[in-house]
Amino acid sequence: MLLRPLRSPTRRRLLLAAGAAAVVTCARSQPLPPYPSRPITLIVPWPAGGQTDITMRILAEVAGRQLGQAIVVENRPGAAGTLVGPALKAAAPDGYTLGQLPLTLYRVPLQRKVPWDPLRDIAPVIQVSGVTFGIVVPADGFPTWATLLQWARENPGRLTVGSTGIGTTAHLAMEDVLSREGVGYVHVPYKGTADQMLAVAGQTLMVGVNSTGFAPYVESGRLRLLAVFSADRSKRWPHVPTLRELGHPQAVYSSPYGIGVPAGTDPAVVRRLHDAFKVAMFDPLHLQEIAKYDQEPAYLGPVDYARSLHETVARERLLLARLGLTSSKVE
């Protein structure tokens with residue numbers, strides 16, 4: 001007598017389980033493509049053509065050669081350079097979306113509620129460099145810092161001062177200094193360096209406060225550099241005084257920046273990116289470009305960069321509290 005094959009639910013479950021196991025085994029036998037296997041996007045939260053955009057494009061080009069894949073810069077200007085935050089939070093943690101991390105990205109959450117946390121949602125890859133800040137005026141504008149203050153006192157509320165956005169280091173640095181002097185002014189935020197410098201050079205803005213992206217305009221004679229916010233005088237402009245020399249000992253501001261990826265990215269991928277960008281940041285092409293803006297490399301690896309960012313947030317919290325710019329809703 002012929003026996004019919006068993007058609008019970010138990011047998012069906014066993015057959016399904018065996019099939020699934022075979023699929024998993026087959027999938028595991030297929031190695032993942034080596035990273036990177038396609039172009040990488042680098043989000044730069046500033047307009048095209050500015051200092052940071054130019055230097056980051058060179059950095060991306062050299063790092064891309066190290067990785068064997070193109071790194072495509074995507075500009076997302078606005079919101080004081082913080083649009084990179086939600087973009088990285090929303091991106092897949094696969095190493096194909098990177099972001100340039102300005103200091104404002106870590107400052108803004110201390111000022112207002114935002115739907116992302118840079119310390120939680122972003123994994124630091126490498127710190128690249130930092131910028132110093134200066135005060136510029138049109139070539140035939142205020143001859144000195146003292147004359148600027150005198151005019152501002154004689155014309156209350158008429159001084160116009162531009163920065164790269166509300167809450168940026170440039171904005172806070174000038175706010176700190178002028179508030180201590182009792183000078184009122186009109187703050188004009190711009191999306192980036194290029195627009196602001198053109199406004200000052202065209203005399204539609206009386207004063208610009210910015211990172212050393214102003215260098216080409218100063219060198220060409222279109223702008224005059226009145227003072228810098230660094231601890232010591234610039235080697236490039238040794239005749240220009242620091243704000244400390246001009247009676248503001250607290251007015252030392254810098255803005256280090258680096259590159260990060262979405263939190264949860266494979267540590268091996270982070271290391272691969274770190275190694276490529278470390279080579280790139282010390283490449284002669286990159287060094288030559290940042291030197292145009294009075295910058296130097298400020299290397300930190302992933303662990304040290306993360307530690308530095310936590311320390312920076314602690315310092316920023318104190319600064320904002322002193323200026324009365326910390327939101328009561330931000331814990």
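# Notebook: helix pairs, salt bridges and odd loops

I began with two helices: α6 (residues 145–154) and α7 (residues 169–181) pack at an angle of about 60°, and their axes are 12 Å apart. That angle makes α6 oblique to α7. I looked up the handedness too, and the crossing of α6 and α7 is right-handed. Note to self: this is a predicted model.

Still on this pair, I checked for a side-chain link. Glu181 and Arg153 meet in a salt bridge, at 2.3 Å from N to O. Glu181 sits in helix α7 and Arg153 in helix α6, so this pair links distant parts of the chain, 28 residues apart. I then asked how covered the two partners are. Glu181 is partly exposed at 24% relative accessibility, and Arg153 is partly exposed at 43%.

Next pair: α4 and α12. How are they arranged? Helix α12 covers residues 302–322, and α4 packs with α12 at about 45°, with the axes 10 Å apart. That makes α4 oblique to α12. I noted a right-handed crossing where α4 passes α12.

Back to salt bridges. How many salt bridges does a search of the whole structure find? The search gives 13. One I looked up is Arg38 with Asp94, at 3.4 Å from N to O. Arg38 lies in the loop between α1 and β1, and Asp94 in the loop between α3 and β3 (97–101), so the pair ties together parts that are 56 residues apart in sequence. Arg38 comes out as partly exposed, at 41% relative accessibility. Asp94 is partly exposed too, with a relative accessible area of 30%.

I also pulled up Asp275 and Arg271, which form a salt bridge with their closest N and O atoms 3.8 Å apart. These two are 4 residues apart in helix α10, so about one helical turn separates them. Asp275 is partly exposed at 38% relative accessibility, and Arg271 is partly exposed at 41%.

Then I went through some loops. A cis peptide bond joins Tyr35 and Pro36, with omega at about -5°. I found Pro36 in the loop between α1 (9–29) and β1 (40–44).

Ala79 caught my eye: its phi is positive, about 55°, although it is not a glycine. Ala80 also has a positive phi of about 55° and is not a glycine. Ala79 is in the loop between β2 (71–75) and α3 (84–90), and Ala80 is in the loop between β2 and α3. Is Ala80 buried or exposed? Ala80 counts as buried because its relative accessibility is 8%, and the cut-off for buried is under 20%. Ala79, at 40%, counts as partly exposed.

Two loop residues needed a distance check. Val114 is in the loop between α4 (104–111) and α5 (118–121), and at 22% relative accessibility it counts as partly exposed. The C-alpha atoms of Val114 and Gly85 are 9.5 Å apart, with their positions 29 residues apart along the chain. Arg244 is in the loop between β8 (223–228) and β9 (254–262). For Arg244 and Ala231, 13 residues apart in sequence, I noted 7.2 Å from C-alpha to C-alpha. Arg244 is partly exposed, with 39% relative accessible area.

Last entry: the surface. Phe282, Leu287 and Tyr299 form a nonpolar patch there, with about 230 Å² of accessible area together. I placed Phe282 in the loop between α10 (267–281) and α11 (284–291). Phe282 is partly exposed, at 39% relative accessible area.

Key: Residues are numbered from 1 along each chain as its sequence is written. This is a predicted model: local features need pLDDT of at least 70, side-chain atom pairs count only at pLDDT 80 or more; totals for chains, interfaces and linings use all residues. Side-chain values use heavy atoms; hydrogens and water are left out. Patches are made of residues with over 30% relative accessible area and no salt bridge: like charges are joined within 9 Å, nonpolar side chains (Val, Leu, Ile, Met, Phe, Trp, Tyr) within 5 Å. Accessible areas come from the Shrake-Rupley method with a 1.4 Å probe; for residues, only the protein chains shown count as cover. A salt bridge is a side-chain nitrogen of Lys or Arg within 4 Å of a carboxyl oxygen of Asp or Glu. Buried means under 20% relative accessible area, exposed over 50%, partly exposed in between (1.4 Å probe, protein chains only). Axes are lines fitted to C-alpha atoms, for helices over the stretch in contact, and angles run from 0 to 180 degrees between N-to-C directions. Angles under 35 degrees count as roughly parallel, over 145 as roughly antiparallel, 65 to 115 as roughly perpendicular and the rest as oblique. A crossing is left-handed if the near helix is turned anticlockwise from the far one by less than a right angle, and right-handed if clockwise.
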